[in-house]
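Subject: Structure for your files

Hello,

Here is the structure I said I would pass on. My notes on it are underneath.

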Amino acid sequence: MHDKEIILIIDDELQIRRLLEITLSANDYGIYEASNGKEGLVAAATQHPALILLDLGLPDVDGQQVLLKLREWYSKPIIVLSVRNSEEEIIMALDHGANDYITKPFKSGELLARIRAALRYNEGKEDIKTIETGPLSIDLVNHAVKRKNEIIKLTSTEYALLSLLAKNQGRVLTHQYILKEIWGYSYINQTQYLRVFIAQIRKKTEEDPSKPKLIITESGIGYRFGEG
């Protein structure tokens, strides 16, 4: 890492901010803190953070509204850290533009891994031509997928689904988002339809489809493209 990447923490709990400050500083990230939504919005605009950690239970503005306001102009990763753990709340945050959602209490190692994945996803994402993860290689220019240098035959729909997940590596995509992007609005409730295609892709790409490492299920929420 060259210059320290700044992470903005928007959280009203002092103990959480201190824990995050210790964890992130020890891993060579710069820190900026805000204790409420309004301060967080100003800090995001003035400090130019590489990533934002956002709590939803803020004292002045609900975190979901802060997320929506940020996504009007802020294009870098946002990870939600919250005690709210209902599927509805998680799906809402992801649909509002969060890259990831971690419930409190959280493990520091998992948080750091999610941060690294989000920063990798954001880095030069417009220029990516090939995605390589584990034994899998996806050539986005020629629409070719290889596993251990052997070409995998995918249908056009399977390729579209795999490439959508791969382009958003590390980011949780909700069932509704994937269905809308691949099949259109009329399919957004057809989650079983999506499961069938995911199963087909796993059979062709995973070492062990019953223990997937590439396409990871986020139960009740959607899917994440992993590290392989």
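The notes below cover one sheet, the helices that lie on it, and one serine.

Please keep in mind that this is a predicted model.

The sheet first. It is open and is built from three strands in the order 10-12-11, with antiparallel pairing. Strand 10 (172-174) and strand 11 (215-218) are the edge strands, each pairing on one side only. From one strand to the next, the twist averages 30°. As general background, strands of a sheet pair through backbone hydrogen bonds, in either a parallel or an antiparallel way.

Between strand 10 and strand 12 (residues 222-225) there are three bridges, and the two strands pair in the antiparallel sense. Val 172 stands opposite Arg 224, a residue of strand 12.

Next, the helices. Helix 8 (residues 191-205) packs on the sheet, where it touches strand 11 and strand 12. The direction of helix 8 makes about 150° with that of strand 11. Helix 6 lies across strand 10, strand 11 and strand 12, and runs at about 70° to strand 12.

Last, the serine. Ser 163 is located in helix 6, which spans residues 156-167. Is Ser 163 buried or exposed? Ser 163 counts as buried because its relative accessible area is 6%, and the cut-off for buried is under 20%. The side chain of Ser 163 also has a polar contact: it reaches the backbone oxygen of Ala 160 at 3.1 Å.

Regards

How values were computed:
Residues are numbered from 1 along each chain as its sequence is written. This is a predicted model: local features need pLDDT of at least 70, side-chain atom pairs count only at pLDDT 80 or more; totals for chains, interfaces and linings use all residues. Side-chain values use heavy atoms; hydrogens and water are left out. Helices (H or I, at least four residues) and strands (E, at least two) are DSSP runs, numbered from the N terminus. Buried means under 20% relative accessible area, exposed over 50%, partly exposed in between (1.4 Å probe, protein chains only). A polar contact is a pair of N or O atoms within 3.5 Å; within protein, one must be able to donate a hydrogen and the other to accept it, and residues adjacent in sequence count only if both atoms are side-chain atoms. Two strands pair if DSSP finds at least two bridges between them. Axes are lines fitted to C-alpha atoms, for helices over the stretch in contact, and angles run from 0 to 180 degrees between N-to-C directions. Contact means heavy atoms within 4.5 Å.
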